[in-house]
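Student: Please take one part of this model and look at it closely with me, starting from the chain as a whole. I am new to it, so explain each term as it comes up.

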Amino acid sequence: MFALRYRVAAKRERGARMRILITGITGFVGGHLAERLLAEGGHELFGLCRSGKWPKDLAHLTGKATLFSGELASSAAVDVALQQARPEWVFHLAGYANTGKSFREPAVCWADNLDATRTFYDAIVRSELRPRVLFVSSGLIYGDPDEPGKPCDERTTLKPASPYAASKAAADLLGYQYHRTAGLDVFRVRMFNQIGPRQSADYAVPNFARQIAEIEAGKRPPVIETGDLSGHRDISDVRDIVSAFRALIEKGTPGEAYNAGRGRTYPVQELLDRLVRMSRVKVDVRSTDAGRKGDTAVARADTTKLRSATGWEPRYELDQTLADVLEWWRKQ
């Protein structure tokens with residue numbers, strides 16, 4: 001029965017204008033996804049976020065999507081959003097997203113990522129709506145690869161190395177369980193590192209870019225302070241990542257998981273070196289941190305399954321992305 005319903009729905013959706021709900025729409029990835037969907041024209045876009053307001057960086061989206069305010073863990077707030085939006089597609093991005101802080105506040109991390117997701121799925125079941133639901137998971141759920149130097153595919157053993165990664169792994173598997181036992185059309189995308197304009201300086205690349213922009217503006221000495229630079233990252237442009245989401249929501253198979261990433265790793269040192277070469281002034285680099293607890297040294301995505309299902313390919317070259325990040329910080 002579920003397979004038949006999926007085939008009918010997929011046939012109806014191709015090329016159609018959809019009612020779409022994005023949880024976490026006002027976040028970094030959510031904002032880029034909203035822009036991507038609005039650029040297509042015709043979709044009715046809804047978002048669920050804590051404040052119910054667009055932040056300054058996304059003020060240009062005001063009036064282009066209906067925002068609902070409330071915590072994802074609140075059954076009442078989610079019920080209202082679902083009944084008013086009546087979505088045919090759902091992108092579930094909301095949750096706790098800071099790996100480092102998750103060691104200091106694991107209870108908050110688990111509540112936001114696992115408990116709130118369960119509340120959300122229960123609300124969809126109660127609503128009797130049957131949207132296609134893309135749960136945005138993380139490549140960090142894999143931890144260290146099964147074989148050193150080998151990419152992680154969707155069958156790689158999950159070895160999460162932080163409260164953040166463990167809570168995302170649990171929420172990832174929860175989506176599969178709700179697909180099997182409740183018949184929800186949930187599928188999962190495991191997103192590897194992404195960067196782009198508007199990303200918080202809590203993360204390495206935008207932190208480097210912010211420091212360079214401040215040095216260029218004469219607001220700090222010509223020294224970039226960094227943590228450990230020995231790690232490698234499979235890093236993509238966020239605009240490529242949300243394009244993968246868009247392809248999957250239409251072409252993905254419920255119950256399945258898909259990796260989204262570049263499929264190539266870069267040393268963090270190289271990312272910084274490239275940014276430094278883009279600087280308009282001479283800067284020095286000073287390392288002040290021995291590394292981050294629980295960090296995974298190398299995690300590379302095998303994206304064969306995503307590409308085969310959707311035909312998706314990344315379009316942004318790394319230098320273009322880095323230049324866009326740096327230019328955004330210059331404007332701040």
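**From the whole chain to one helix**

Tutor: In this predicted model, the protein chain has 11 helices and 12 strands, where helices (H or I, at least four residues) and strands (E, at least two) are DSSP runs numbered from the N terminus. Its radius of gyration, taken over C-alpha atoms, is 20 Å, close to the 20 Å that the globule rule gives for 332 residues, so the chain is as compact as a globular protein of that length; the rule is 2.2 Å times the number of residues to the power 0.38. Residues are numbered from 1 along each chain as its sequence is written. Local features need pLDDT of at least 70, side-chain atom pairs count only at pLDDT 80 or more, and totals for chains, interfaces and linings use all residues, while side-chain values use heavy atoms, leaving out hydrogens and water.

The C-alpha atoms fill a box of roughly 60 × 45 × 40 Å along the principal axes, and 52% of the 332 residues are buried, a word that means under 20% relative accessible area, with exposed meaning over 50% and partly exposed lying in between (1.4 Å probe, protein chains only). Contact means heavy atoms within 4.5 Å, and of the contacts with a separation of 6 or more, 79% join residues 24 or more positions apart.

The part I would choose is helix H8, residues 238-251. From its first C-alpha to its last, H8 reaches 20 Å, close to the 20 Å expected for its 14 residues at 1.5 Å a residue, the expected span being 1.5 Å times one less than the number of residues. H8 is mostly covered, with 11 of its 14 residues buried; among them are Val-238, Ile-241, Phe-245 and Leu-248, and also the charged residues Asp-240, Arg-246 and Glu-250. An α-helix has 3.6 residues a turn, so residues three or four places apart point the same way.

What touches this helix from elsewhere in the chain? One such residue is Trp-312, which is in contact with Asp-240, Ser-243 and Ala-244, and also with Gly-261, Leu-306 and Arg-307, leaving aside residues up to four places away in sequence. Trp-312 sits in the loop between H10 and helix H11 (318-331), and its relative accessible area of 5% makes it buried. The C-alpha atoms of Trp-312 and Leu-248 are 9.0 Å apart, although 64 residues separate the two in sequence.

Gly-261 leads on to Ala-301, since its contacts beyond four places in sequence include Gly-261, together with Pro-151, Cys-152, Phe-192, Asp-234, Asn-259 and Gly-263. Ala-301 lies in the loop between strand S12 (284-287) and helix H10 (304-310) and, at 4% relative accessibility, counts as buried. Its C-alpha is 4.7 Å from that of Gly-263, which is 38 residues away along the chain.

For a second helix to set beside H8, turn to H6 (residues 163-182), where 20 residues should span 28 Å and the end C-alpha atoms are 27 Å apart, which agrees. Its buried residues include Pro-163, Leu-174 and His-179, and their cover includes helix H4 (99-102), helix H5 (106-127), strand S5 (132-138) and strand S6 (185-191). Just after H6, Gly-183 takes a positive phi of about 75 degrees. In the loop between H5 and S5 lies Glu-128, a residue other than glycine whose phi is also positive, near 65 degrees, and at 69% relative accessibility Glu-128 counts as exposed.
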